[in-house]
Amino acid sequence: MSEFWTTEVHKDIYEMKYKTLKKLFSEKSKFQQVDVVETRGYGKMLLNDGLVMITERDEFVYHDMICHPALFVHPNPKKVLVIGGGDGGTAREVLRHKGVEKCVMVEIDEVVINACKEFIPQTSCVFENSKLELIVGDGVDYVANTKEKFDVILVDSTDPIGPATPLFGVDFYKNINLILNDDGIVVSQAESPYYEVEAQTSLLKVLNRVFDNVYIYNFSNLTYPGGLWSFSFATKKYHPTKDLNTDRVKESELEFKYYTPDLHLSSFALPQFMLNNCKGLIKN
Ligand code: SAM
């Protein structure tokens with residue numbers, strides 16, 4: 001089969017094209033169109049509804065940065081909840097922390113999980129880990145009904161469309177607040193600071209209605225529109241930079257491809273346009 005371009009159209013303003021060697025998987029699930037393709041430059045790529053979720057080449061950036069800042073700021077994270085994250089990359093990084101006793105992951109779409117199990121072992125290898133409890137279900141229902149409590153919650157969701165829409169709403173975060181321990185931290189996929197100012201600031205407003213301490217930090221990757229992307233960081237107690245204990249990073253003996261303690265600190269330093277957009281919505 002000859003090579004072709006896989007195109008991601010972004011908000012009807014621009015397109016990204018990836019030279020593709022072959023289509024490995026394509027299925028319309030109850031929730032979304034799920035595709036896995038083998039690209040020439042980025043390895044295997046997962047797309048949900050035509051939007052790039054992960055690629056083998058740069059998934060380490062997103063997964064390091066959704067996970068390690070919170071897991072190194074919290075002094076002793078033992079129980080972690082991942083909402084979404086069906087490729088497995090976020091849970092994989094969580095479970096590299098030896099102190100984590102249990103990671104619960106709630107992904108709504110079994111088709112995403114199975115496609116990644118079959119074609120993207122780089123991230124889905126975590127599904128073999130005995131410390132992972134994988135639940136196929138709606139994260140909104142899970143946080144409303146569970147009796148479990150967590151030290152860290154990571155919301156690794158798609159954009160606020162379809163089943164992910166409530167993951168950006170206040171009711172969801174009120175329930176997150178109830179299942180977070182008293183010194184808990186919640187980190188959420190917070191969209192593009194360039195293209196999604198409205199979605200980003202709306203998430204920060206929602207978090208402010210529930211949490212006293214709300215922050216936002218950035219990372220730069222290869223495949224998300226605009227390159228620069230953000231995570232929100234809401235806490236009941238800890239400060240995202242002042243409470244980083246760099247000794248814990250060293251003692252963990254973990255090796256990273258993106259995360260470093262210096263990068264952790266600098267990722268919370270925002271460009272002026274973001275400080276303007278997020279004025280009154282984030283703490284220093
Ligand atoms: N890194 C990615 C990004 O920002 O492009 C996110 C990847 S991960 C594949 C996102 C997952 O969230 C999807 O597989 C989707 O099925 C899942 N998801 C969406 N809404 C959900 C919900 N309400 N509960 C649980 N999982 C949900």
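Trainee: Let's start with one side chain: is F231 buried or exposed?

Mentor: F231 has 0% relative accessibility, so it counts as buried. The cut-off is under 20% relative accessible area. Keep in mind that this is a predicted model.

Trainee: And how much of the chain counts as buried?

Mentor: Of its 284 residues, 55% do. The accessible surface of the chain is about 12,400 Å², and carbon and sulfur atoms hold 49% of that.

Trainee: What does the radius of gyration say about the overall shape?

Mentor: You compare it with what a compact globule of the given length would show. For 284 residues that would be near 19 Å, and the chain has 18 Å, which agrees. Along the principal axes, the C-alpha trace spans about 55 × 45 × 35 Å.

Trainee: How many helices and strands does the chain have?

Mentor: There are 10 helices and 12 strands. For the way the chain is tied up, look at how far apart in sequence the contacting residues are. Among contacts with a separation of 6 or more, 66% join residues 24 or more positions apart.

Trainee: On to charges: how many positive and negative side chains are there, and how far apart are the centres of the two sets?

Mentor: The chain carries 31 positive and 40 negative side chains, with the two centres 3 Å apart.

Trainee: Back to the rings. How is a pair of aromatic rings described?

Mentor: With two values, the distance of the centres and the angle of the planes. This structure holds 18 aromatic pairs. One of them is Y217 with F231, a tilted pair at 5.7 Å centre to centre and 40 degrees between the planes.

Trainee: Which parts does that pair tie together?

Mentor: Y217 sits in strand 11 (residues 213–220) and F231 in strand 12 (residues 228–235), so the pair links parts 14 residues apart in sequence. Y217 is buried as well, at 0% relative accessibility.

Trainee: What kind of pair do F256 and Y259 form?

Mentor: That one is edge-to-face, with 5.2 Å between the centres and 70 degrees between the planes. Look at the burial of the two partners too: F256 is partly exposed at 21% relative accessibility, whereas Y259 is buried at 3%.

Trainee: Which residues do ring pairs link into a cluster?

Mentor: The members are Y62, Y215, Y217, F219, Y224, W229, F231, F233 and F268. You'll recognise Y217 and F231 from the tilted pair.

Trainee: What does P69 touch, leaving out residues up to four places away in sequence?

Mentor: P69 touches D64, Y217, F233, Y259 and H264. Two of these, Y217 and F233, belong to the ring cluster. P69 itself lies in helix 1 (residues 59–73) and is buried at 0% relative accessibility. For a long-range view, take P69 and L265: they are 196 residues apart along the chain, yet their C-alpha atoms are separated by 9.0 Å.

Trainee: Where is V52, and what is it in contact with?

Mentor: V52 is in strand 5 (residues 51–55), and at 5% relative accessibility it counts as buried. Beyond its neighbours within four places in sequence, V52 contacts E8, Y18, M45, L46, L47, T223 and Y224. The C-alpha atoms of V52 and P225 are 9.3 Å apart, although 173 residues separate the two in sequence.

Trainee: How do I read a helix this way, say helix 6: which of its residues are buried?

Mentor: First pick out the buried residues, then ask what they pack against. In helix 6 (residues 170–179), V170, F172, Y173, I176 and I179 are buried. The buried residues there pack against strand 6 (79–84), helix 5 (139–145), strand 9 (150–156), strand 10 (180–189) and helix 7 (197–210).

Trainee: Last topic, the backbone. What is phi of D12?

Mentor: Near 55 degrees, a positive value in a residue other than glycine. D12 lies in the loop between strand 1 (4–10) and strand 2 (14–28). E191 also has a positive phi, about 70 degrees, without being a glycine. Its loop runs between strand 10 and helix 7.

Trainee: Which is buried and which is exposed?

Mentor: D12 is exposed, with a relative accessible area of 74%, while E191 counts as buried at 1%.

Key: Residues numbered from 1 in each chain as written. Predicted model: local features only at pLDDT ≥ 70, side-chain atom pairs only at ≥ 80, totals over all residues. Heavy atoms only, no water. Helix = DSSP H or I, 4+ residues; strand = E, 2+ residues; numbered from the N terminus. Rg over C-alpha atoms; globule rule 2.2 N^0.38 Å. Buried < 20%, exposed > 50% of the residue type's maximum accessible area, 1.4 Å probe, protein only. Contact = heavy atoms within 4.5 Å. Areas by Shrake-Rupley, 256 points an atom, 1.4 Å probe, with all protein chains shown as cover. Lys, Arg positive; Asp, Glu negative; His and termini not counted. Charge placed at Lys NZ, Arg CZ, Asp CG, Glu CD. Phe/Tyr/Trp six-rings, centres within 6.5 Å; stacked < 30°, edge-to-face > 60°.
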